[in-house]
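Hello,

Here is the structure I promised to hand over. Please open it and keep it beside you while you read the notes below.

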Amino acid sequence: MLNELLAVTVFSGAALASARWTWWRGAARGLPALVYHKIGKPPEGSKLKDLWVSPEKFRSQVAWLLAHGYVPVLFSEVSKAQKGGKPLPANAVLITFDDGYENNYTHAYKILRELGAKGNIFIVFNTIGKANLWHDPGTEPWINMASMKMLTEMQESGVMEFGSHTMSHPNLEKLPLEDAAWELTESKKQLEAALGREMSAFAYPYGAGAYTPAIRALALKAGYVLDFSFRQGKTPWPWNREAGPIDRLFIKGGDNNLDLRLQLTRGASRLW
Ligand SMILES: [Zn+2]
């Protein structure tokens with residue numbers, strides 16, 4: 001037991017030191033894409049408390065990014081760069097949110113706007129203005145999703161852009177391929193009609209299908225320029241789109257700014 005503890009202590013010390021050591025290299029090598037879900041306080045009965053980041057913590061993380069020279073970018077900037085347009089700034093960072101909760105509007109958007117940063121939200125089209133209906137309310141309470149009015153305001157501000165997270169948040173690997181294809185194409189079409197902008201980015205619900213060639217092929221065929229997985233890590237930029245989706249850095253409610261720094265440099269903060 002003591003030996004194990006010692007080994008963990010030595011390992012963690014070494015990992016932290018080496019993360020500091022590779023700091024400048026890490027920032028240059030890949031595009032960090034942070035993934036958040038909910039900004040606020042978890043409701044009673046929430047089993048997924050780690051998906052909630054307090055507004056204070058979110059504010060401090062965004063302020064930290066800006067103070068350390070990171071440049072938050074929008075999906076449209078990343079997709080243009082991917083297509084050979086204006087290259088991304090060297091210290092570009094993508095701040096992304098999955099699902100499209102109302103608290104992304106009431107907290108995240110307002111904090112980003114106030115600090116002069118930018119973010120991006122993956123929307124589940126059928127739940128706009130409703131609730132997180134794909135969750136069993138017995139284990140994860142239903143809360144409000146952002147309304148179309150909120151989405152429009154956020155888009156017009158230039159602070160937030162949107163991508164698709166399907167129509168209804170299914171596990172795409174569990175659907176017949178034709179239904180998975182419909183989730184991908186219909187959500188793109190509906191979001192584009194509702195928001196009047198190209199939806200160039202897609203995130204796989206639960207990350208499911210991101211590394212399944214038949215499903216990923218459907219996402220690319222649907223016309224998404226960028227597709228995002230749920231796998232922990234940083235994808236090299238320029239991005240080899242053929243090789244696989246863009247990995248992300250999962251921000252948990254308990255993370256501090258050291259976690260954020262290690263995530264950005266190492267692609268992970270706590271490896272045990
Ligand atoms: Zn999701």
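Start with alanine 63: this residue counts as partly exposed because it has 15 C-beta neighbours inside 10 Å, while a buried residue would need 20 or more. Alanine 63 sits in helix 3. Its C-alpha atom is 7.0 Å from that of leucine 115, although the two residues are 52 apart along the chain.

Bear in mind that this is a predicted model. The average pLDDT of the chain is 90, and 89% of the residues score at least 70. One stretch is weak: residues 19-28 have a pLDDT below 50. That stretch still has twelve contacts in the model beyond near neighbours in sequence. Where pLDDT is low, the predicted coordinates should not be read in detail.

**Helix 3 and helix 5**

Two packed helices are described by the angle and the distance between their axes. Here, the axes of helix 3 (residues 55-67) and helix 5 come within 10 Å. They cross at roughly 35°. The crossing is right-handed. Helix 3 brings Pro55, Phe58, Arg59, Val62, Ala63 and Leu66 to the contact. Helix 5 meets them with His107, Ala108, Ile111, Leu112 and Leu115.

**The core**

The largest nonpolar core holds 66 residues. Ala33, Leu34, Leu94 and Leu226 have the most contacts inside it. Helix 5 supplies the largest share of this core, with five residues. Take leucine 34 as a case to look at. Leaving out residues up to four places away in sequence, leucine 34 touches Val93, Leu94, Ile95 and Thr96. Leucine 34 also touches Arg248, Leu249 and Ile251.

**Helix 6**

Which residues of helix 6 (residues 148-157) are buried? They are Met150, Leu151 and Met154. Seen down the helix axis, these buried residues fall within an arc of 100°, so they line one face of helix 6. On the other side, Met148, Lys149 and Glu156 are exposed.

What do the buried residues of helix 6 pack against? Their partners are helix 5 (102-115), strand 8 (160-164) and helix 7 (177-195). Just after helix 6 comes glycine 158, with a positive phi of about 80°.

Helix 5 is one to follow on screen. It meets helix 3, gives the core its largest share and packs against the buried residues of helix 6.

Best wishes

Terms used:
Residues numbered from 1 in each chain as written. Predicted model: local features only at pLDDT ≥ 70, side-chain atom pairs only at ≥ 80, totals over all residues. Buried ≥ 20, exposed ≤ 12 C-beta atoms within 10 Å, placed from the backbone. Helix = DSSP H or I, 4+ residues; strand = E, 2+ residues; numbered from the N terminus. Arc of directions from axis to C-beta. Contact = placed C-beta atoms within 7 Å. pLDDT = per-residue confidence, 0-100. Core = buried A, V, L, I, M, F, W, Y, C linked by C-beta atoms within 7 Å. Axes fitted to C-alpha atoms, helices over the stretch in contact; angles between N-to-C directions. Left-handed = near helix turned anticlockwise from the far one by under 90°.
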